[in-house]
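Q: Could you walk me through this fold, starting with what I should know about the model?

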Amino acid sequence: MEETIFTKIINGTIPSTLIYHDDLVSAFADIAPKAPHHILIVTNKPIPSVAHVEAEDEAALGRLFTAARKIATDLGVNEKGYRLIVNVGEDGGQEVPHIHMHLLAGDKLGGMGFPQSK
Ligand code: 5GP
């Protein structure tokens, strides 16, 4: 199976600002930040999307949240607040087929994503 862009980042084949790594998840800065802090937290296992998760993935999926809390604490925003987003599939706007959680912080965030007008 072709490696995803995020697997290449985790392995160091593609350079990134890796800010967290453990046995289940890794985190790095988004290349096109949408907020003062925009971090991607990804499962080390290249699960394509939430549409493909299995019970055996629960530990990794739970770790996305504990890693998010740790990263938010390190950034100094855990109390003030932030937004976690997981896009799923084409209609959800997912571009990279490797499960990841966006952590957006550092400013008041705008509204949630409503359907695009056709
Ligand atoms: P999605 O739309 O799949 O939920 O989010 C994919 C995210 O990956 C986007 O915010 C995009 O900016 C980010 N991204 C795509 N390619 C790269 C890359 O090569 N490096 C990093 N650090 N982020 C990337």
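A: The following turns cover the model, the sheet, the helix packing and the overall dimensions.
A: This is a predicted model, in which local features need pLDDT of at least 70 and side-chain atom pairs count only at pLDDT 80 or more, while totals for chains, interfaces and linings use all residues. Residues are numbered from 1 along each chain as its sequence is written, and side-chain values use heavy atoms, with hydrogens and water left out.

Q: What pattern does the protein follow along the sequence?
A: The pattern is α-β-β-β-α-β-β, with helices (H or I, at least four residues) and strands (E, at least two) taken as DSSP runs numbered from the N terminus.

Q: And in what order do the strands sit in the sheet?
A: The five strands form an open, antiparallel sheet in the order β1-β2-β3-β5-β4, where two strands pair if DSSP finds at least two bridges between them. β1 (18-21) and β4 (83-85) are at the edges with a single partner strand each, so one side of each has no neighbour in the sheet.

Q: How many bridges join β4 and β5?
A: Three bridges join β4 to β5 (residues 100-105) in the antiparallel sense, and R83 stands opposite L104 in β5.

Q: Which strands does α2 lie across?
A: Helix α2 (residues 58-75) lies across β1, β2 (25-29), β3 (37-43), β4 and β5.

Q: Changing topic, how much is buried?
A: Of the 118 residues, 33% count as buried, meaning under 20% relative accessible area with a 1.4 Å probe, protein chains only.

Q: What box do the C-alpha atoms fill?
A: They fill roughly 40 × 40 × 30 Å, taken along the principal axes.

Key
Contact = heavy atoms within 4.5 Å. Axes fitted to C-alpha atoms, helices over the stretch in contact; angles between N-to-C directions. Buried < 20%, exposed > 50% of the residue type's maximum accessible area, 1.4 Å probe, protein only.
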